[in-house]
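Student: Please take a close look at the aromatic side chains of this model. I would like a connected account of how they are arranged and of the strands that surround them.

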Amino acid sequence: QVHLVESGGGSVQSGGSLRLSCIVSGITYSSYCVAWFRQAPGNEREGLGAIYTGGPTTYYADSAKGRFTVSQDKAKNPVYLQMNSLKLEDAALYYCAADAFTLCPLQSSDYDYWGQGTQVTVSS
């Protein structure tokens, strides 16, 4: 059974940084995509970035370029989301998702395996 666990969320002041981690277990593919999404209340789930663990190759949504970086540990696990220069509007529940792609999509409907999410709060 595939299991994803996010960690690293918390409260940060505007302009600060956070690094989220996603540990994937139980996946049988040797290489796969891990993507990061976020969802704020009343909003749709938004894709931020992804990494193909077999590359590694990274993919980013335009909204995430420049401030967010997806990376992986040498062992392919965990996968990280480094978030810099955080803004009030970055506050959301952040999820990681995984699936067997080689070109990583950023649409939530494409992913079968999800973590429970980690909350990020940004204050002024």
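Tutor: In this predicted model, a single aromatic cluster is formed by F37, Y95, F101, Y111 and W114. With ring centres required to lie within 6.5 Å, the count of aromatic pairs comes to 4. One of them joins F37 and W114: the ring centres are 4.9 Å apart and the planes stand at 50°, so this pair is classed as tilted. Because F37 belongs to strand β4 and W114 to strand β10 (residues 113–114), the pair ties together parts of the chain that are 77 residues apart in sequence. How do the two partners compare in exposure? F37 has a relative accessible area of 0% and is therefore buried, whereas W114, at 23% relative accessibility, counts as partly exposed; the limit for a buried residue is under 20%.

W114 also pairs with Y95. Here the geometry is edge-to-face, with 6.1 Å from centre to centre and 85° between the planes. Y95 lies in strand β9 and W114 in strand β10, 19 residues apart, and this pair too links distant parts of the chain. Y95 counts as buried, at 11% relative accessibility. A further contact of W114 involves a charge: the charged end of R45 sits over the ring of W114, 4.7 Å from its centre. Elsewhere, the charged end of R19 sits over the ring of Y80, at 3.9 Å from the ring centre.

The strands that carry these aromatic residues are themselves paired. β4 and β9 run antiparallel and are joined over 7 bridges; within this pairing, V34 has A98 of β9 as its bridge partner. β9 is also joined to β10 by 2 bridges, again in the antiparallel sense, and there the bridge partner of A97 is W114. A third antiparallel connection, of 3 bridges, runs from β9 to β11, where A92 has V120 as its partner. Of the 8 residues of β9, 7 are buried, so this strand is largely enclosed by the rest of the structure.

The next topic is the packing of nonpolar side chains. In soluble globular proteins, nonpolar side chains tend to be buried together. In this model, the largest nonpolar core has 27 residues, and V34, W36, F68, L81, M83 and Y94 are those with the most contacts inside it. Strands β3, β4 (33–39), β5, β7, β8 (79–83), β9 (92–99) and β11 (118–123) each supply at least two residues of this core. V34 illustrates how these parts meet: leaving aside residues up to four places away in sequence, V34 touches C22, V24, G49, A50, I51, T53, V79, C96, A97 and A98. Apart from this core lies another, of 8 residues. Its members include C33, F37, C104 and Y111, and of these F37 and Y111 also belong to the aromatic cluster.

Several of the strands that supply the largest core also take part in an open sheet of 4 strands, in the order β1-β3-β8-β7 with antiparallel pairing. Its edge strands are β1 (3–7) and β7 (68–72), each of which pairs on one side only. Direction ignored, neighbouring strands of this sheet are turned by 15° against each other on average. β1 and β3 (residues 18–25) pair in the antiparallel sense over 5 bridges, and V5 finds its bridge partner in I23 of β3.

On the edge strand β7 lies Q72. Residues up to four places away in sequence excluded, Q72 touches I51, T53, P56, P78, V79 and Y80. I51, T53 and V79 appear among the contacts of V34 as well. The C-alpha atoms of Q72 and P56 are separated by 7.9 Å, although the two residues are 16 residues apart along the chain.

Strand β5 (residues 46–52) pairs with strand β6 (residues 57–60) in the antiparallel sense over 4 bridges. The two form a hairpin with 4 residues between them, and G49 stands opposite Y60 of β6. Beyond this hairpin, the loop between β6 and β7 holds D62. With a relative accessibility of 64%, D62 counts as exposed, which contrasts with the buried F37. D62 and S25 are 37 residues apart in sequence, and 29 Å separates their C-alpha atoms.

Note on methods
Residues numbered from 1 in each chain as written. Predicted model: local features only at pLDDT ≥ 70, side-chain atom pairs only at ≥ 80, totals over all residues. Heavy atoms only, no water. Pairing = 2+ DSSP bridges. Axes fitted to C-alpha atoms, helices over the stretch in contact; angles between N-to-C directions. Core = buried A, V, L, I, M, F, W, Y, C linked by side-chain atoms within 4.5 Å. Buried < 20%, exposed > 50% of the residue type's maximum accessible area, 1.4 Å probe, protein only. Contact = heavy atoms within 4.5 Å. Phe/Tyr/Trp six-rings, centres within 6.5 Å; stacked < 30°, edge-to-face > 60°. Lys NZ or Arg CZ within 6 Å of the ring centre and 35° of its normal.
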